Amino acid sequence: MQASTTENKNHLILTGDRPTGPLHLGHFVGSLRNRVKYQHQYQQYIMLADAQALTDNMDNPVKVHNNVLEVALDYLAVGIDPAKSTIFIQSQIPELTELTFYYLNLVSVARLERNPTIKQEIVLRNFERDIPAGFLTYPVSQAADITAFKASLVPVGEDQIPMIEQTNEIVRRFNRLVNKDILVECQALVPEIGRLPGIDGKAKMSKSLGNVINLGATPAEIKAAVRNVYTDPLHLKVSDPGHLEGNVAFTYLDAFDQDKEGLQAMKDHYVRGGLGDSVVKARLEGILQDMLAPIRERREEFAKDRGQVLQMLKEGTMRAREVAAKTTDEVKAAIGLKHF
């Protein structure tokens with residue numbers, strides 16, 4: 001959905017990432033570059049979801065801890081401005097955990113198990129029936145995060161829409177219970193390009209699959225990654241007609257090449273034959289090198305003073321906690337938990 005300019009002023013966005021590793025091109029396309037745009041149009045809160053990351057990383061909490069600052073550096077490097085967007089750390093706002101505890105009484109285990117996103121993630125992680133309780137209930141935690149800030153827009157991919165639906169179910173049930181509209185329903189804000197495939201052609205660019213190009217990648221790393229980008233397995237000779245569908249090199253060019261007319265001419269040439277994959281990859285590498293160089297340089301500059309970045313996170317978290325605490329007080333009063 002797209003909000004109009006008049007509506008924008010009344011909307012608040014909540015978005016964020018699980019800090020389990022450095023951010024990559026998939027994050028850039030799916031969320032980061034939109035956040036840079038949204039911060040000029042909406043109130044925006046960006047959450048480093050370290051507590052949520054522990055739902056399937058409790059055996060390695062150091063990884064999560066170390067990546068909080070790394071992801072914050074990626075945010076600053078792409079142009080997210082802490083003066084325009086409130087960046088905060090989830091685990092440092094205990095009110096979010098408190099709201100989760102109350103909301104757990106509004107949803108059944110059966111409903112959580114029916115959530116399509118959860119079902120897919122359980123299969124992906126090979127949990128079978130050995131599912132950590134925290135993981136099974138993370139849609140409730142997500143509902144707490146969203147409602148604590150009374151976010152009306154939540155940027156998500158298509159696969160996350162069931163999470164938004166479950167949040168709104170909790171909102172409606174709570175408001176009916178207390179006979180008052182305290183919590184706010186939200187809408188999914190789905191980007192035009194929701195996700196990038198991995199360089200190997202797999203459906204999703206994923207840190208765990210090792211098929212990513214990180215935002216802080218060096219020129220040599222970018223070159224090596226582009227060399228391995230999946231193209232058309234049937235395009236064996238330069239003279240062979242090529243196929244665009246499933247061709248990752250062209251998917252990336254669609255996402256990043258600003259010269260749409262020149263790109264279309266290249267596509268036409270590739271499809272009719274006579275254009276080698278090496279030429280396509282050379283164009284892609286040039287674009288990625290030019291795009292990532294300033295991001296990498298800004299990241300290196302911010303990384304020189306990690307103390308300042310941590311202070312920025314502390315200030316953002318304090319501001320965010322004030323908002324979450326106000327909502328939590330309203331929730332507790334509505335269900336009779338304000339005794340003095």
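Visitor: Which label suits Lys-338: buried, partly exposed or exposed?
Guide: In this predicted model, Lys-338 has a relative accessible area of 42%. Buried means under 20%, exposed over 50%, and partly exposed in between, with a 1.4 Å probe and protein chains only. Lys-338 is therefore partly exposed.

Visitor: What pLDDT do local features need in this predicted model?
Guide: Residues are numbered from 1 along each chain as its sequence is written, and side-chain values use heavy atoms, leaving out hydrogens and water. Side-chain atom pairs count only at pLDDT 80 or more, totals for chains, interfaces and linings use all residues, and local features need a pLDDT of at least 70.

Visitor: Which residue meets Lys-338 in a salt bridge?
Guide: A salt bridge is a side-chain nitrogen of Lys or Arg within 4 Å of a carboxyl oxygen of Asp or Glu. The partner of Lys-338 lies 3.5 Å away, N to O. With a relative accessible area of 37%, this partner is partly exposed. The residue is Asp-329.

Visitor: Which residues are joined into one network by salt bridges that share partners?
Guide: The structure holds 19 salt bridges. Salt bridges with shared partners join four residues into one network: Glu-70, Asp-74, Arg-299 and Arg-306.

Visitor: How many residues apart along the chain are Lys-332 and Glu-98?
Guide: Lys-332 forms a salt bridge with Glu-98, and their closest N and O atoms are 3.2 Å apart. The pair links distant parts of the chain, Lys-332 being in helix H15 and Glu-98 in helix H5 (residues 94-103). Helices (H or I, at least four residues) and strands (E, at least two) are DSSP runs numbered from the N terminus. The separation of Lys-332 and Glu-98 along the chain is 234 residues.

Visitor: Which helix holds Glu-330, the salt-bridge partner of Lys-150?
Guide: The side chains of Lys-150 and Glu-330 meet at 2.7 Å, N to O. Lys-150 is in the loop between H9 and E4, 180 residues from Glu-330, which is in helix H15.

Visitor: What is the relative accessible area of Phe-149?
Guide: Phe-149 is placed in the loop between helix H9 (138-148) and strand E4 (153-155). Leaving aside residues up to four places away in sequence, Phe-149 touches Leu-12, Leu-14, Tyr-45, Phe-88, Ile-93, Leu-96, Ala-320, Val-323 and Ala-324; contact means heavy atoms within 4.5 Å. Phe-149 is buried, and its relative accessible area is 2%.

Visitor: Why is H4 described as largely enclosed by the rest of the structure?
Guide: Helix H4 covers residues 61-78, and its end C-alpha atoms are 26 Å apart, which agrees with the 26 Å that its 18 residues should span. The expected span is 1.5 Å times one less than the number of residues. H4 is largely enclosed because, of its 18 residues, the number buried is 13.

Visitor: At which residue does H4 bend?
Guide: Just after H4, Gly-79 takes a positive phi of about 110°. The bend in H4 is about 35° (the angle between axes fitted to the seven residues ending at a residue and the seven starting there), and it is found at Asn-67.

Visitor: Which proline follows the bend in H14 within four residues?
Guide: Helix H14 (residues 277-303) has 27 residues and reaches 37 Å from its first C-alpha to its last, close to the 39 Å expected. H14 bends by about 30° at Leu-292, and the proline that follows is Pro-294.
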